[in-house]
Each structure stands twice: as structure tokens, then as C-alpha cells.
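Thanks for coming. I will take a few minutes on some local details of this model, starting with charged side chains and ending with the backbone.

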Amino acid sequence: WAETFLKRLKDKTGIQGGIYGNSDDLSQMTQWVVDNAWVWFAGYPYAPGTTQMIQDWNAPKFPYNKGKFKAITGWQFSSQPLDRSIFYLDTEEWTKLSGSDNANQNNNNSSSATEQNNNNSNSELEDDDLMKFTYEIIDAKTNKSQGTVYFYDGNKVVALNNIDQWKIITEIYKDTTGKDMKHYKWRTDAPWYVRFMQAINQKAVEVAWK
């Protein structure tokens, strides 16, 4: 799915995206991703002589396996009490990586079109252009689901409280897009569900009414 997403991002925006993950994640990437994507690595070594993550901004020598990737672009080396990352780029390289030059040029050439696009709501976009999916949380100690299915509707995360809610969502999505809705199983020892909530700036899930 990483290759599919990155190709779509490139097609829609002209920007080459990257991936975020650890050594295990990198080992699962296709050769296309290895050849084209940049890497923001996640790995949290202990501070020397302790059993705690690094608490300052002094990143040590990179100790992890990069797999088939020749280099990494950034490294998140701590997440306590703050996320701390280092990127091996200068300003010019960062501008090129982020596509800022292309974005600024497009804004200058088509400001009216950009304003119209910014006013579009999700309801005006094609279903295929929206990121919609469900997920559940797997307890790392028991290796079993915690029991709740969560639905991201393109704007917010909602906790479903009935199996029929999940069924009708996936059926309608299939009928309207011709595709199966993605369903993820995220473990408590690798809490991507927390990172996703942080990324969309949602502090707590909403609960579907009964």
C-alpha cells in the first residue's frame, strides 16, 4: 500500500513523498519504494548509561539497520517527553524535498483555482480521493482485539458501537467506489493509532450514537 499511496501522491501533486517507520517497516517496502522514496526513520536508543530515551537534542550515531535503503533523510531518535528528530538536509534540499518551489509557482500562476480548491468540502471530492478506513487495536499482551472498531471518515475518528455500523459503512463504500475499505490492526506496543490521532489533531475519538 505504501507504493500505491506514494505513486498517487506523485501523480496528484508532483511531489515525491517519503515513508516513516522502523527497520521492520523498511524491510517490507517494495523495490519501487526503495528506489524512489525518502525515509524518516523511527528508532529510540537509550541515553548512554541509562534505560531511558534521550532527553536532549544531541542525536547519537545512527545505530539501526537501513535494509535496502542507501540512506535516511531524517531520524526521530526520541519520543519522550517530546518527539525529537534530526534531518540531514540544508534549506535548499528541504525546499526541494517538500515541493515548496512547485507549490509557490502553482499558487502564483493559478491563485483563483487554488482558492476554489481550498473551498471544496469533502462532499465535493470523489470518494477515491478521500482517506477513509477502519481500524481496531490489538492488545500486545493478549494478542487479541480490544473489541472496538474505529472509523475514520476523512475528517475525524469515530468509535463504532455496533457491528452493523461497520457492516453498512463497508457495504456502502464498496458499492460507491468499487473497492474494499482498508482495515488496519494496530498493536498497543506500536501505537500507530495514537500517532494518527496526533497527525489529524484529534485529542479524543467521538462515539457513534446508539
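Start in helix α1, residues 2-13, where Glu3 and Lys7 sit four residues apart, about one turn of the helix. Their side chains meet in a salt bridge, 2.7 Å from N to O. This is a predicted model, so please take each of these values as computed. As for accessibility, Glu3 is partly exposed at 21%, and Lys7 is partly exposed as well, at 38%. With Glu3, the cut-off matters: buried means under 20% relative accessible area, so 21% puts Glu3 in the partly exposed class.

How many salt bridges does the structure hold? There are five, and I will show two more from that set.

Next is the pair Asp83 and Arg195, whose side chains meet in a salt bridge at 3.6 Å, N to O. Which parts does this pair tie together? Asp83 belongs to the loop between β3 and β4, while Arg195 belongs to helix α8, so the contact links parts that are 112 residues apart in sequence. Asp83 is partly exposed, with a relative accessibility of 40%. Arg195 is also partly exposed, at 25%.

The other pair is Asp153 with Lys156, a salt bridge of 3.0 Å from N to O. Is Asp153 buried or exposed? Asp153 is buried, because its relative accessible area is 18% and the limit for buried is under 20%. Its partner Lys156 is partly exposed, at 29%.

Now the backbone. Go back to the loop between β3 (74-78) and β4 (84-87), since Pro81 is located there. The peptide bond leading from Gln80 into Pro81 is cis, and omega is near -10 degrees. Asp83, from the salt bridge to Arg195, lies in that loop between β3 and β4 too.

Two asparagines come next. Asn143 has a positive phi, about 60 degrees, although it is not a glycine. Where is Asn143 found? It is in the loop between β5 (133-139) and β6 (144-152). Asn143 is exposed, with 54% relative accessible area.

Asn201 likewise has a positive phi, near 60 degrees, in a residue other than glycine. Asn201 is in the loop that runs between α8 (192-199) and β9 (206-207). At 66% relative accessibility, Asn201 is exposed. Helix α8, on one side of that loop, is the helix that holds Arg195.

That is what I have for today.

Key
Residues are numbered from 1 along each chain as its sequence is written. This is a predicted model: local features need pLDDT of at least 70, side-chain atom pairs count only at pLDDT 80 or more; totals for chains, interfaces and linings use all residues. Side-chain values use heavy atoms; hydrogens and water are left out. Buried means under 20% relative accessible area, exposed over 50%, partly exposed in between (1.4 Å probe, protein chains only). A salt bridge is a side-chain nitrogen of Lys or Arg within 4 Å of a carboxyl oxygen of Asp or Glu.
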